[in-house]
Amino acid sequence: MKTKNLKTQVAIIGGGPSGLLLSQILMKQNIDTIILEAQSREYVLKRIRAGVLEHGSVELLKNAGVGERIFCDGKKHDGFIISSGEDSFRIDLSTITGKSVYVYGQTEVTIDLYKAQDELNAQIFHNVENVKISQLDSDLSKIRFNYLDQTYEITCDFVAGCDGSMGISKNYIPDKIKKNYIVNYPFSWLGILSNTKPLNHELIYASHDRGFALASMRNEKLSRYYIQTSNTDKIEQWPDELFWKELIKRLPKEYSANIEVGKSIEKSITKLRSLILEPMQWQNLFLAGDAAHIMPPTGAKGLNLAFSDIFYLSEGFINYYTKGSLNKLNNYSDKALKRVWKTVEFSKWMTSILHTLGDNNKLMNKLNKKELQKIKKSKNAQKVIANQYVGLPY
Ligand code: FAS
Ligand code: PHB
């Protein structure tokens, strides 16, 4: 069958939050995009992932015309709790930084982005297969793909690799150029979603001898909880009643006393790792979001870091198409990686200090407890955490 030819300015691989937001920002500047997504829209929207939006992410989404529901349905949070055993203290984000974060699920962000893209008549191909990039070193690059048994070829100025940690775009950066920095953590997160009242109006990050726990939420009737598990644990080992029992043991009694338990409506285990890929660009290819970096959700950074990449990358494309300057695009990787390294470091630090290592690491566990006691008394330490948590300036 004859190949169908398409033309665009920026071809985007990946229809998750990174790809959708990039397309939304560029289309509002009359820059043409096409999005290629391997899954169906329903599949993308079924993913339960991030829950907290940094100040910068909220501003970026608002300026892209998709901030309305955040302010209606999202919850502004001015602080969060850190507990260690029965002891706890609050990080007062708004007093320390003058900023807040919003609790608003990634699923809702993706729904809003798809709706806005539909209103702009965005070209989004779902369930695409065999995506292949070529001619990255020419003025015009090509992307071939299959869709509904038809082969297509896109001719484009640039390719944005927004295809997540399992994507293909990173493979087009030559191995001799590419550097992968990876660490795998010796524990995982078991997360559940339940139609129950959140046990506290703010998030609780709980360090405990039995393991880490996180009490979060999506709204007043939808709670999101996580507990640290081993990397070998399977979902089948964690029936709901066992999950609740373990969660309650890890939270201070002053909070767990009010917990409302119930049936899980989603349950998943995520292995924790940090990964940074350098560089984040190669000729006409630019990587953004999980395609270039992964980190444990402890600092609520994955989605937010994807959005700061999109801020820098969209600025680069807009600068090129409105002023003919390649400056910002040429500096994209260096600029984005400065914030990536700082954010991945914060996520690693938050993860290391709050998670419990096995019995053969009693010294590390004791040092973590002492560190948390010091932070409780140190305004300076709390200032560093608060500024990172609300999000470093772009
Ligand atoms: P995504 O992975 O979201 O999207 C990439 C898209 O590309 C996918 O839809 C995929 O189908 C598509 N794709 C892949 N290969 C393709 C190909 N060859 N062709 C076309 N399309 C292709 N972050 C937080 O801040 N807090 C959290 O609590 C949190 N929890 C998480 C839990 C899990 C289980 C996971 C996996 C991640 C979590 N994250 C969390 C991080 C997560 O939110 C990511 O940062 C966010 O999804 C990044 O968005 P994208 O870069 O768009 O990548
Ligand atoms: C969530 O609500 O899913 C969430 C919140 C904060 C985190 C991680 C996950 O640090």
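Let me begin with a term: a residue is called buried when its relative accessible area is under 20%, and exposed when that area is over 50%. What I am showing is a predicted model, and I would like to take the cysteines before turning to ligand 2.

Cys-156 has a relative accessibility of 0%, and therefore counts as buried. Cys-162, at 7% relative accessibility, is likewise under the cut-off of 20% and so counts as buried. A search of the whole structure finds 0 disulfides, and for Cys-156 the nearest cysteine sulfur, which belongs to Cys-162, is 13 Å away.

Now to ligand 2, which has 14 residues around it, with Tyr-205, Ser-216, Arg-218, Tyr-226 and Pro-297 coming nearest. In Ser-216, a polar side-chain atom sits 2.6 Å from an oxygen atom of the ligand, while for Arg-218 a side-chain N or O atom is 2.7 Å from an oxygen atom of ligand 2. Thr-298 contributes through its backbone, where an N or O atom lies 3.1 Å from a ligand oxygen atom. Ligand 2 taken alone exposes 280 Å², and the protein buries 98% of that area.

Where does the shell around ligand 2 come from? Two elements, strand E14 (213-219) and strand E15 (222-229), give two or more residues to it, and E14 gives the most, with 3 residues. At the level of domains, the shell draws at least three residues from each of domain 1 (4-61 + 104-181 + 275-349) and domain 2 (183-272 + 355-390). By residue class, the shell around ligand 2 divides into 8 nonpolar, 3 polar and 3 charged residues.

Notes: Residues are numbered from 1 along each chain as its sequence is written. Chains are lettered from A and ligands numbered from 1 in the order in which they are written. This is a predicted model: local features need pLDDT of at least 70, side-chain atom pairs count only at pLDDT 80 or more; totals for chains, interfaces and linings use all residues. Side-chain values use heavy atoms; hydrogens and water are left out. A disulfide is a pair of cysteine sulfur atoms within 2.5 Å. Buried means under 20% relative accessible area, exposed over 50%, partly exposed in between (1.4 Å probe, protein chains only). A residue is near a molecule or strand if one of its heavy atoms lies within 4 Å of it. A polar contact is a pair of N or O atoms within 3.5 Å; within protein, one must be able to donate a hydrogen and the other to accept it, and residues adjacent in sequence count only if both atoms are side-chain atoms. Accessible areas come from the Shrake-Rupley method with a 1.4 Å probe; for residues, only the protein chains shown count as cover. Helices (H or I, at least four residues) and strands (E, at least two) are DSSP runs, numbered from the N terminus. Ala, Val, Leu, Ile, Met, Phe, Trp, Tyr, Cys and Pro count as nonpolar, Asp, Glu, Lys and Arg as charged, and the others, Gly among them, as polar. Domain bounds come from an automatic or database domain assignment.
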